[in-house]
Amino acid sequence: MTYCVGLLVRDGLVMIADTRTNAGIDNIAVFRKLKIVSEKGRRVLAIATSGNLSVSQSVLSLLAEGVENPETGELETLDSQPTMFKAAQLVGRAVREVWRVDGPGLEQMTARFDVQLLFGGQVAGGRLRLFMIYAAGNFIEVTPDTPYFQIGEHKYGKPILDRAVTYDTDLYDALKIGLISMDSTMRSNLGVGPPIDILVLRKDALEPELDYRIEPSEPYFLDLRERWSKALRSAHMEIPRPPYGSNVPGDI
């Protein structure tokens, strides 16, 4: 499994991805799932992937080599796209091309064509944007009303994001909340695990402010995990017990 989250707040973009992949309990490995394409002063593009590893790697390789433009016959890459929307369309075309080549073979082997991507960043002259791209190559864009997307094993981290993140959340508070959602997912699903790759991109900076890998022994992340667990235990102890039943001790 995988867990990736992207948060687009007023001041910038945060993207977080785990690195665990497995094909059974005795075949667990580490693969980077957050790819960054950066050209200082011109563009920063980031792609986080989930689903079938062979499919997502094929999509990324095709994007690196170039996707044929059906109208001109030219090969197009991410670093040649003039806007984030055009770049998102290119990613969608790459997904559909991988499906055209590999999809029928996967179906014959009763394997799903399973891929989802978070695609975020900024191209000079345009605004900072975040898209979620589906296996059909279509996509949706984040909005200030719901300023985040998740892919992969998303259910454990979603309640935290729903309660804590708004479009006006500070950029590094968004990173902190995203890491708490990652920790909650890791605690409940062994298919998600470290190292954890993170990107922080401030609006209009056009270069990554933070491109970092959190290793399993990272002091800050270990402290965050412990503080969050203690905070949850303290919070539930401070809430009165339900006033239901006939033998409930304590005040209500």
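1. Two strands count as paired if DSSP finds at least two bridges between them. Helices (H or I, at least four residues) and strands (E, at least two) are DSSP runs, numbered from the N terminus. The structure is a predicted model, in which local features need pLDDT of at least 70 and side-chain atom pairs count only at pLDDT 80 or more, while totals for chains, interfaces and linings use all residues. Residues are numbered from 1 along each chain as its sequence is written, and side-chain values use heavy atoms, with hydrogens and water left out.

2. On the chain as a whole, there are five helices and 14 strands, and the C-alpha atoms fill a box of roughly 75 × 45 × 35 Å along the principal axes. Of the 252 residues, 44% count as buried, where buried means under 20% relative accessible area, exposed over 50%, and partly exposed in between, with a 1.4 Å probe and protein chains only. The exposed area is about 13,400 Å², of which carbon and sulfur atoms supply 52%; accessible areas come from the Shrake-Rupley method with a 1.4 Å probe, and for residues only the protein chains shown count as cover. Among contacts (heavy atoms within 4.5 Å) between residues at least 6 apart in sequence, 60% join residues at least 24 apart.

3. Strand 9 (residues 115-123) and strand 10 (residues 129-133) deserve to be read together. Eight of the nine residues of strand 9 are buried, so this strand is largely enclosed by the rest of the structure; for strand 10, five of the five residues are buried, so that strand is likewise largely enclosed. Arg129, Phe131 and Ile133 point one way from strand 10 and Leu130 and Met132 point the other way, with all of them buried.

4. The pairing around these strands is antiparallel on each side described here. Strand 9 is joined to strand 10 by five bridges in the antiparallel sense, with phenylalanine 119 opposite phenylalanine 131 and glycine 121 opposite arginine 129. Strand 6 (residues 43-51) also pairs with strand 9, antiparallel and over nine bridges, and there glycine 51 has valine 115 as its bridge partner. Strand 10 in turn pairs with strand 11 (residues 139-141) over three antiparallel bridges, where isoleucine 140 is the partner of methionine 132.

5. Two hairpins carry glycines with positive phi in the connecting residues. Five residues separate strand 9 from strand 10, and glycine 125 in that turn has a positive phi of about 95°; in the hairpin of strand 10 and strand 11, which also has five residues between the strands, glycine 137 takes a positive phi near 90°.

6. An open sheet of five strands follows the order 12-1-2-13-14, with antiparallel pairing. Strand 12 (148-152) and strand 14 stand at its edges with a single partner strand each, so one side of each is left without a neighbour in the sheet. Neighbouring strands are turned by 10° against each other on average, direction ignored; axes are lines fitted to C-alpha atoms, for helices over the stretch in contact, and angles run from 0 to 180 degrees between N-to-C directions. Within the sheet, strand 2 (residues 12-18) and strand 13 run antiparallel and are joined by seven bridges, and arginine 202 in strand 13 is the bridge partner of glycine 12. Helix 4 packs on this sheet, touching strand 1 (3-9), strand 2, strand 13 and strand 14, and its direction makes about 20° with that of strand 2.

7. Threonine 185 lies in helix 4 and, at 0% relative accessibility, counts as buried. Apart from neighbours within four places in sequence, threonine 185 is in contact with Tyr3, Glu153, Tyr156, Gly157 and Val192.

8. Helix 5 (residues 219-238) has 20 residues and reaches 28 Å from its first C-alpha to its last, close to the expected 28 Å, a span taken as 1.5 Å times one less than the number of residues. Phe221, Leu224 and Ser229 are buried in helix 5. Seen down the axis, the buried residues fall within an arc of 130°, so they line one face of the helix; the arc is that of the directions from the helix axis to the C-beta atoms. These buried residues pack against helix 4 (171-188), strand 13 (196-202) and strand 14 (210-214), whereas Pro219, Arg227, Met237 and Glu238 are exposed on the other side.

9. Glycine 152 lies in strand 12 and, at 24% relative accessibility, counts as partly exposed. Glycine 152 and serine 50 are 102 residues apart in sequence but 5.5 Å apart in space, C-alpha to C-alpha. Not counting residues up to four places away in sequence, glycine 152 touches Met1, Thr2, Ser50 and Gln116.
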